[in-house]
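Colleague: Could you take one loop in this model and go over it closely for me? Once that's clear, work outwards to the rest of the chain, so I can see what the loop belongs to.

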Amino acid sequence: MENNSTPARALEWRFIPLETRNAYMNMALDEACANEVALEHVSPTIRFYRWEPSAVSIGYFQGLEQEVDVNACRAAGVDIVRRRTGGGAVYHDYEGEITYSVIAPAEHFSNDIIASYKEITGWIVSGLKELNINAEFVPINDLIVNGQKISGNAQTRRNGILQMHGTILCDVNVDKMFSLLRVPDEKMRGKTIEIVKERVTSLKHHGVKDYMQIYHALTNGFLNGKKWKEGTWTNEELERAEELANEKYGTARWIAQR
C-alpha cells in the first residue's frame, strides 16, 4: 500500500500497521527503530500498537514504588515497564486504547517542544474528526474533548531523533487503573478517583465503540498529506529489540532504577 501525495516536509514515512506485543517489546521496538532511523537505515516511522498483556508504563524519571502497586499488578497479570520518555504513570489496557509512536529526525520538527507536540497531536485531532469527535490540544501534551482528557503524549529527543508516543482512549476503567496505581495520599484515594472520572473521557463515552473504525480513522489522520509506504520491521530492528526487551526493558534493574 502506498500514498504518493505531496510529502509533508519532504519526509517519506514508513508506516507499520497495528500490531500487538508485550510492554517490553513495544518499548524496545521504539528504541531499536530510533537507532536505525538515526543511522538512516530505515525511513522515519509511524506505528500503531496494543499491549498484551495489559501494562502499566512509568515515565523515565518516576519512582516505581511511589507510582505503582507492584503486587496488585502482579496479581492482575499486568506488566510494568519504564519508558524512555518522561511523563506520568499510564495504564495501557488491551481493550481500552490505541497507542502510536512517531520516530523521525528532530530537525523536521520545531525546536519548541510545545509546538512539536501540537503538530503531532494535530494528526490525532484530524483522525478524530472523521469520527465526529472534536478534540483540542492543551499544552504541554494532552488532547481534550469537552474539557476532558482523551489522549496523553510523551516525547524524547536523543541522537538527533524525535521519538513521541501517546495513547488514545477508546474506553477507560478508572477504578481498574487506580487498583494498580498509587495516589500521593491514600486518605484521598476515593476523592482522587472521582476527580479523575470527571476529567477523563473515552471514545466509547462519545458513542464510538468500534476499535477498528477508530484505528482506521487515526491512520488517515496520521498519513494524509504525507508520502508513505506500508512497511515491516527489519531483521536488525527485531534482533536489537529482542535484546533490549530481554536485557533492558524487562529487567528489574531498568524498571526499578528509581
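**A cis bond and its surroundings**

Modeller: Let's start with Ile140, which sits in the loop that links strand 8 (136-138) to strand 9 (142-145). Bear in mind that this is a predicted model. What catches the eye here is the peptide bond leading from Pro139 into Ile140: it's cis, with omega near 10°. There's another cis bond to put beside it, from Glu52 to Pro53, and there omega is near 0°. Pro53 is also a loop residue, placed between strand 3 (45-51) and strand 4 (55-58).

Now step back along the chain from your loop. Asn132 belongs to the loop between helix 4 and strand 8, and its phi is near 60°, a positive value in a residue that isn't glycine. Is Asn132 buried or exposed? With a relative accessible area of 69%, Asn132 counts as exposed, since the cut-off for that label is over 50%.

Step forward instead and you run into Asn146, in the loop that follows strand 9 and leads to strand 10 (148-158). Asn146 isn't a glycine either, yet it takes a positive phi of about 50°. Its relative accessible area is 66%, so Asn146 is exposed too.

For the interior, look at Leu128. Skipping neighbours within four places in sequence, Leu128 is in contact with Ile133, Ala135, Ile150, Ile168, Leu203 and Leu218. Leu128 is also one of the residues that touch the most other members of the largest nonpolar core, a set of 83 residues; Trp13, Ile46, Phe48, Val56, Tyr100 and Leu203 are the others named there. Helix 1 (residues 23-38) gives this core its largest share, 10 residues.

Helix 1 has a polar residue worth a look as well: Asn26 lies in it. Asn26 is at 0% relative accessibility, so it counts as buried. A polar atom of the Asn26 side chain is 3.1 Å from the backbone oxygen of Arg50. Leaving out residues up to four places away in sequence, Asn26 touches Arg21, Arg47, Tyr49, Arg50 and Trp51.

Back to helix 4 (113-129): Asp112 lies in the loop between strand 7 (97-105) and that helix. The Asp112 side chain reaches the backbone nitrogen of Ile114 at 3.2 Å, and one of its polar atoms is 2.7 Å from the backbone nitrogen of Ala115. Asp112 has 42% relative accessibility, so it's classed as partly exposed.

You'll find a related arrangement at the start of helix 7, where a side-chain oxygen of Asp210 comes to within 3.0 Å of the backbone nitrogen of Met212. Helix 7 (residues 211-223) has 13 residues, and at 1.5 Å a residue it should span 18 Å; the C-alpha atoms at its ends are 18 Å apart, so the two agree. Remember Leu218 from the Leu128 contacts? Leu218 is among the buried residues of helix 7, along with Tyr211, Ile214, Tyr215, Ala217, Thr219, Gly221, Phe222 and Leu223. Just after the helix, Gly225 has a positive phi of about 85°.

One more loop residue for the tour is Arg182, between helix 5 (174-180) and helix 6 (189-199). A polar atom of its side chain is 2.8 Å from the backbone oxygen of Glu65. Arg182 and Ala89 are 93 residues apart in sequence, but their C-alpha atoms are 9.5 Å apart in space. At a relative accessible area of 33%, Arg182 is partly exposed.

As for the whole chain, its secondary structure amounts to 9 helices and 12 strands. The radius of gyration is 18 Å, close to the 18 Å the globule rule gives for 258 residues, so the chain is as compact as a globular protein of that length. Its C-alpha atoms fill a box of roughly 55 × 45 × 35 Å along the principal axes. Of the contacts with a separation of 6 or more, 77% are between residues 24 or more positions apart. Buried residues account for 53% of the 258. The chain exposes about 11900 Å², and carbon and sulfur atoms supply 47% of that.

Technical notes
Residues numbered from 1 in each chain as written. Predicted model: local features only at pLDDT ≥ 70, side-chain atom pairs only at ≥ 80, totals over all residues. Heavy atoms only, no water. Helix = DSSP H or I, 4+ residues; strand = E, 2+ residues; numbered from the N terminus. Expected span 1.5 Å × (residues − 1). Buried < 20%, exposed > 50% of the residue type's maximum accessible area, 1.4 Å probe, protein only. Polar contact = N/O pair within 3.5 Å; in protein donor to acceptor, adjacent residues only side chain to side chain. Rg over C-alpha atoms; globule rule 2.2 N^0.38 Å. Contact = heavy atoms within 4.5 Å. Areas by Shrake-Rupley, 256 points an atom, 1.4 Å probe, with all protein chains shown as cover. Core = buried A, V, L, I, M, F, W, Y, C linked by side-chain atoms within 4.5 Å.
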